[in-house]
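The exercises below ask the reader to work from a sequence and its coordinates towards a description of helices, hollows and contacts. Each task sentence is followed by a solution that proceeds step by step.

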Amino acid sequence: MRKLLPLIVASFSFTVVSAQSSNQEQAIAKMKEAVELMDNGKLAESITLLDEARKLDPAQMDIVYELALAKYQQKDFNGALKDLKYLVKQNAANGRVYAMMGNVQDDMGKPEKAIDTYDEGLKKFPKEGALYVERGVMELKKGNNDAGLKFFEDGIKNAPMHSSNYYRAAKYFLDSKNEVWGMIYGEIFMNLERGSKRTEEISKLLYYTYKGEIKFESDTAASVSFASNNIELRYDPSKKKKGETDLAMMLLSSIGGLSYGNTIYEKTLALAVIGEKAISVASLHRIRTKFLDQYIAAGYDTTYNVVLFDFQKKVKDAGHFEAYNYWVLGQGDEDVLSEWVGDHKQQWDDFIKWFKENRIQITDEKSFSRIGLNVREASEKE
């Protein structure tokens, strides 16, 4: 018996480990099925499965998070809050947990507690884009639009691949006298969040902003109005850095500083409009093509850090700029979009295939923000 004991112990240990492994696998399978049910609106069935999964593997915190989410969608706020606080207590909370917890508290009629939760989350997870969105929305609810915008733009800076902060900032500026920033934020948003209702909304807003702010006064005269009281970039010519081009110096040297919106964006757009007589998706393709060509020819792409125009160049170099422009603006005239796609099916299909494989990538170093719009050293691309 003494010789058999180690074998018996080993067999028992193996049986326990196998049972644990089996429980974990079953729990994960049930969680995946529950998430699918949740996505289809079957919340009660989802919660039942998640409860079963939690019993099988109590240590799996993802199950607790999904359970809280299902309860929140079911408007069981107390149940959701209990699960979220459990995650915090177990040191298993991330930024999404704090964002949902704040949402729950706000929906429970406790906005100040929600704000405290978002602020606590931001201290712990400053790279969580959802927290900036939610915190900014709380300021909008109080009528503090500028304070809300600051949170959205902080979110763009700290979480540059999170789409919702661009969406909120775009909406703010497209309803202002400084549409230039809404045009840039909005198109970046569309590239990050493709195929949603919000994407369609921004497409329409971009199209109608072009249509409303480019005015043809006669056959030979047109005006553009996308900027007013823009952020100014000041530059001291005596501090010219080694390798900096004379073009960069010329662009940035002015007594009152340089307004990117007025002096760069509007000026380039005004030149691109020459020769057009009306705004349509087709004419905007021509205008945007000339804008990009002139922007690059002037060296603005190496002078300013605007990731959108870098990506547009990539699309154009791949031969897909016309299809891309119809995608960006087509919701503003759906009949024209549908007709163009029908007449250019292969071109559209080739673009969509390329587009799926080539998403815009925004890093901390290459992020764009109105506040952080900076001058690049020319040597960066030489």
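**Exercise 1. The largest cavity**

Determine which helices each supply at least two residues of the lining of the largest cavity, and how the lining divides by class.

Solution. The model is a predicted one, and a search of the whole structure finds 2 cavities of 30 Å³ or more. Helices α10 (179-192), α11, α13 (260-273), α14 (281-297) and α16 (307-317) each contribute at least two residues to the lining of the largest cavity. The residues themselves are Met183, Ile184, Glu187, Leu206, Tyr210, Tyr265, Leu269, Arg288, Phe291, Leu308, Phe309 and Gln312, and they enclose a space of about 110 Å³. Sorted by class, the lining has 9 nonpolar, 1 polar and 2 charged residues.

**Exercise 2. The second largest pocket**

State the volume of the second largest pocket, and find which helix gives the largest share of its lining.

Solution. The volume of the second largest pocket is about 160 Å³. Its lining consists of Met190, Gly195, Ser196, Thr199, Glu200, Ser203, Tyr326, Trp327, Gln331 and Leu337. Two helices, α11 (197-213) and α17 (321-329), each supply at least two of the lining residues, and the largest share, 3 residues, comes from α11. By class, the lining of this pocket comprises 4 nonpolar, 5 polar and 1 charged residues.

**Exercise 3. Helix α2 and its last residues**

Check the end-to-end span of α2 against the value expected at 1.5 Å a residue, list the buried residues of α2, and decide whether Leu56 is buried, partly exposed or exposed.

Solution. Helix α2 covers residues 43-56, and its 14 residues should span 20 Å at 1.5 Å a residue; the C-alpha atoms at its ends are 20 Å apart, so the two values agree. The buried residues of α2 are Leu43, Ser46, Ile47, Leu49, Leu50 and Ala53. Because these residues cover an arc of only 165 degrees around the axis, they lie on the same side of α2. Leu56, which also has its place in helix α2, has a relative accessible area of 24%, and since buried means under 20% and exposed over 50%, Leu56 is partly exposed. Beyond the residues up to four places away in sequence, Leu56 touches Asn23, Gln26, Ala27 and Lys30. For Asn23, the separation is 33 residues in sequence, yet the C-alpha atoms of Leu56 and Asn23 are 5.3 Å apart in space.

**Exercise 4. Helix α14 and what follows**

Compare the reach of α14 with its expected span, and name the residue with positive phi that follows α14.

Solution. The 17 residues of α14 reach 24 Å from the first C-alpha to the last, which is close to the 24 Å expected at 1.5 Å a residue. The buried residues of α14 include Val281, Leu284, Ile287, Arg288 and Phe291, and of these Arg288 and Phe291 also line the largest cavity. After α14 comes Gly299, with a positive phi near 85 degrees.

**Exercise 5. Phe226 in its loop**

Establish whether Phe226 is buried or exposed, and which residues are in contact with Phe226.

Solution. Phe226 lies in the loop between β2 (222-224) and β3 (232-233), and at 0% relative accessibility Phe226 counts as buried. Leaving aside neighbours within four places in sequence, the contacts of Phe226 include Lys177, Val180, Met183, Tyr210, Ile214, Tyr265 and Leu269. Among these, Met183, Tyr210, Tyr265 and Leu269 also line the largest cavity.

Definitions and conventions
Residues are numbered from 1 along each chain as its sequence is written. This is a predicted model: local features need pLDDT of at least 70, side-chain atom pairs count only at pLDDT 80 or more; totals for chains, interfaces and linings use all residues. Side-chain values use heavy atoms; hydrogens and water are left out. Helices (H or I, at least four residues) and strands (E, at least two) are DSSP runs, numbered from the N terminus. The expected span of a helix is 1.5 Å times one less than its number of residues. Buried means under 20% relative accessible area, exposed over 50%, partly exposed in between (1.4 Å probe, protein chains only). The arc is that of the directions from the helix axis to the C-beta atoms. On a 1 Å grid over the protein atoms alone, a cavity is a set of points where a 1.4 Å probe fits but cannot get out, and a pocket is an open set with protein on both sides within 12 Å along at least five of seven lines; lining residues have an atom within 4 Å of a point. Grid points are joined across faces, edges and corners, and a volume is the space filled by probe spheres set on the points. Ala, Val, Leu, Ile, Met, Phe, Trp, Tyr, Cys and Pro count as nonpolar, Asp, Glu, Lys and Arg as charged, and the others, Gly among them, as polar. Contact means heavy atoms within 4.5 Å.
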